[in-house]
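Trainee: I'd like to go through this model with you and ask how each label is earned. Shall we put it up?

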Amino acid sequence: MKISRGDVEHVANLARLELSQEEMEALTRQLNDILTHMEKLGELDTEDVPPTYHVLDMVNLFRPDKVGKCLQQEEALANAPDQDQGCIRVPRVLEGS
Amino acid sequence: MTTEYEVVIGLEVHVELNTDSKMFCSCPTTFGAEPNTHVCPICLGMPGVLPVINRKAVEYTIRAALALNCQVAKYSKFDRKNYFYPDLPKNYQISQYDLPLATGGYVEISVDGKKRKIGIRRVHLEEDAGKLLHEGTGPKTSLVDFNRTGVPLIEIVSEPDLRSPEEARLYLNKLRTILHYTGVSDVKMEEGSLRCDANVSIRPLGSEVFGTLTEVKNMNSFRAVERALAYEVERQKEILERGEKVERETRGWDENRRITVSMRGKEEAHDYRYFPEPDLVPLEISRDWVEEIQERLPDMPDERQARLVRELGLPEYDAEVLTSSKDLADFYDACVKHYPEAKTVSNWVMGEVLGYLNEKGLEITDLPFRPEDLAGLLRLIDKGTISGKIAKQVFQEMCKSGKAPETIVEEKGLKQITDESEIAAIVEKVMEDNPKVVEDFRGGKEKALGFLVGQVMKATRGKANPQLVNRLFRERL
Ligand SMILES: [Zn+2]
C-alpha cells in the first residue's frame, strides 16, 4: 500500500473534506488502485524521451498587457450567499491570538 | 557571563508590478475602484476559465531580476499553491515553486561606510490575493474585495545574509530604490505595493549552525520592519538566556503594542501541495529577450551615484542623497544641464528642495516648477539681480505658485537695489540714527558693522546688495 489511511485523512483535512469511515476506506483503496495503475507507465522504455514538465508541446503562450471588460459589481456578487457594501461577506478568520 | 549572539535575518519581499492589466486576465490593476468592479470570471476563479500569461509581467520580472544581478532562467513554469483563505477565490494561488524565473543575485548595501553584498536567492512571479476588510461589518464577519486578486506580484527572497535589524532596513531601502529605478512597481509600502516578511533567528557568535527561526509578518512600514526585528531578536535572546528553546512559528507584528504575537492556527496547514499549473504552458526565455531587456535597463542607483562623484566631482554623501530616487536624480541632472555648477545645485536641491518636500510630505514629482526654473533662480543670484537670501524667498513662492523666478522677482519687486547713490543715502541715514553703534565700530568693535548692515537690509527689505552696503559703510567709517 503506497497510500495509508493516515495520508487520506491528512489530505482530506487540507482539502477541508469531511469523510465518513466508509468513504475513507474506499478512497484509500481507490487511490492505491490508481497509483498501481499508473505504475504501468514505468514499464515503458523512456530512455530516448526527453523529460518534460507539461503534457502540451507548447511554450510561451502570452497575452498583451491590454485592459478589457470586467463584470459589473452585481454580476460579481450574484453567487455570493451574503454581501455587504459591495463586498462578499464571510465568517471572520482570526489572525493572531 | 552572557553569550554573544549573531543575528541572522532573511527577507521575503512582495512587490506588485504596475502593469495595466492583471496577471492572467484583462481586468485593470488601478487603485481605488469600487469593490469588486475590477473582476472577471478568470480572476474570480469561476469553473471552466483559462488564465493566459501577461507578457509584460514576465518582462517586468526579468527586468527586476536583472537589476538585482540575478540569472534569468532559460526554462520556467507556474505552479499551484493550495490553501484556503477567504481572500483567495480559487483556493489556490498561481505561483512558481521549483523553477522560478530568476535566481542567484545580490544587492549591495553600505553599512557604516562598508559595502556588503546581500544575496538574492530567487525572484519569482505570482498573482496577488484579494483584500479582507474587518472594519464596519460586525465582529464575526469580514468583507472580501477581489479587485487586487490576480494583480501580478513578484516575490524576492534574500539569502539569510542580514546581520542586524538595521541591515534589514538598509537592504529593504536599497531594494525599493532599485525597483523604483526599474519602473516595474510603485514600491509604496503604505499602499501595499511593497510588502515584507522576515525570517529571524539568532545563534551564539561563531556557531555555524542556524538557530530555530521565526517568521515575522504584518510589518507595514520600513520603521515597523526595523522595530519588529529588533523586538524579535531580543525576545529570542531572552528565551535562550532562560535556557529554553525558540519555537518555530509565525509571529505577527502588533504596531500598537510594539510586540510580535504568535499566529498559531493560521499557519498550521503549511502543506501547500504544489503541483504544476496544468492551465499554463511553460516559459522558455530566449537569451535575445533577456539581452533586449538588459539593454533597456536604466542606470541603477549605484552607477548613477558613482557617475555624480566621478564626472561632477560631488561628495559621496551628496551623490548618495541625490540618487536615492530616480525622480530626484533626474531632477538634479536636469538642473545641472541648465546650470552647470554641480555643487551649488546640489546644495540647493539637498537643502531647499528636499527641505520643502519633507516639510510638506511631497514627492519631487509634485513640485509645481521645472528644473530649468531652479536653474533660472540660481542664475538670478549670479547676475546680482537678487541676493541669496531673497532667492530663498523666491524659491518658497515658486513652490507655492509654480511661477518662474523671473516673474516672481518682477511681480513682488524683489530686484536687488544696485544703484549706489540710492543705497548710499540709506547707509548715511542708518549712521545718523545709530551714532552709538558707529562709535563702537570706530572703537574697534567689528561686530557693530554687522548690525549696521542689518539695518540697511531691513530698510530695503533685503533688496540691497550686501557687498555694496559693506563697502559703502567701510568707506564712511
Ligand atoms: Zn479578471
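**Earning the labels**

Mentor: Let's start in chain B: β9(B) and β10(B) are joined by three bridges and run antiparallel. Keep in mind that this is a predicted model.

Trainee: What makes β9(B) and β10(B) a pair?

Mentor: Two strands pair if DSSP finds at least two bridges between them. β9(B) and β10(B) have three bridges, so they pass by that cut-off. To see the register, look at B:L133, which stands opposite B:L143 in β10(B).

Trainee: How do you know that β10(B) also pairs with β3(A)?

Mentor: By the bridge count again: four bridges join β3(A) to β10 of chain B, residues 141-145, and the two run antiparallel. The bridge partner of A:I88 in β10(B) is B:V144.

Trainee: Which strands form the open sheet with β3(A) and β10(B), and in what order?

Mentor: The order is β2(A)-β3(A)-β10(B)-β9(B), four strands with antiparallel pairing. β2 (83-84) of chain A and β9 (131-133) of chain B stand at the edges with a single partner strand each, so one side of each has no neighbour in the sheet.

Trainee: What makes the two chains count as being in contact, and how many residues take part?

Mentor: The cut-off is heavy atoms within 4.5 Å. The contact takes 38 residues from chain A and 63 residues from chain B. About 4100 Å² is buried between the two chains, with carbon and sulfur atoms giving 59% of that area.

Trainee: Which elements of chain A each supply at least two residues to the side that touches chain B?

Mentor: They are α1 (5-14), β1 (62-63), α3 (73-77) and β3 (87-91) of chain A. β3(A) gives the most, with five residues. By residue type, that side of chain A divides into 19 nonpolar, 10 polar and nine charged.

Trainee: How many salt bridges are there between chain A and chain B?

Mentor: Zero between chain A and chain B. What you do find between them is 25 residue pairs in polar contact, with both residues at pLDDT 80 or more. Over all chains, the structure holds 53 salt bridges.

Trainee: Take B:E127 and B:K90, then. Why is their meeting called a salt bridge?

Mentor: The label needs a side-chain nitrogen of Lys or Arg within 4 Å of a carboxyl oxygen of Asp or Glu. The side chains of B:E127 and B:K90 meet at 2.7 Å, N to O, so the pair fits the rule. B:E127 lies in β8 (residues 114-127) of chain B and B:K90 in the loop between β5 (79-82) and β6 (92-95) of that chain, so the salt bridge ties together parts that are 37 residues apart in sequence.

Trainee: What does β8(B) pair with on the β7(B) side, and over how many bridges?

Mentor: β7(B) and β8(B) are joined by nine bridges and run antiparallel. B:T103 stands opposite B:R122 in β8(B). The two strands form a hairpin with two residues between them, where B:D112 takes a positive phi near 50 degrees.

Trainee: And what makes β3(B) a partner of β7(B)?

Mentor: Two bridges, in the antiparallel sense; the cut-off is at least two, so the pair counts. B:Q71 stands opposite B:T103 in β7(B).

Trainee: Where do these strands sit in the sheet of nine?

Mentor: The order in chain B is β3-β7-β8-β11-β1-β12-β13-β14-β15, an open sheet with mixed pairing. β3 (71-72) and β15 (259-262) of chain B are at the edges, and each has a single partner strand, so one side of each is left without a neighbour.

Trainee: How do you know that chain B is more spread out than a compact globule?

Mentor: Its radius of gyration is 30 Å, whereas the globule rule gives 23 Å for 477 residues, so chain B is well over the value for a compact globule. Its C-alpha atoms fill a box of roughly 90 × 60 × 50 Å along the principal axes. Chain B has 15 helices and 17 strands.

Trainee: What does chain A give in that test?

Mentor: Chain A has 23 Å, but a compact globule of 97 residues would have a radius of gyration near 13 Å. The box for its C-alpha atoms is roughly 60 × 45 × 30 Å. Chain A has three helices and three strands, in the pattern α-α-β-α-β-β along the sequence.

Technical notes. Residues numbered from 1 in each chain as written. Chains lettered and ligands numbered in written order. Predicted model: local features only at pLDDT ≥ 70, side-chain atom pairs only at ≥ 80, totals over all residues. Heavy atoms only, no water. Buried area = accessible area lost by both parts, 1.4 Å probe. Polar contact = N/O pair within 3.5 Å; in protein donor to acceptor, adjacent residues only side chain to side chain. Nonpolar A, V, L, I, M, F, W, Y, C, P; charged D, E, K, R; others polar. Rg over C-alpha atoms; globule rule 2.2 N^0.38 Å.
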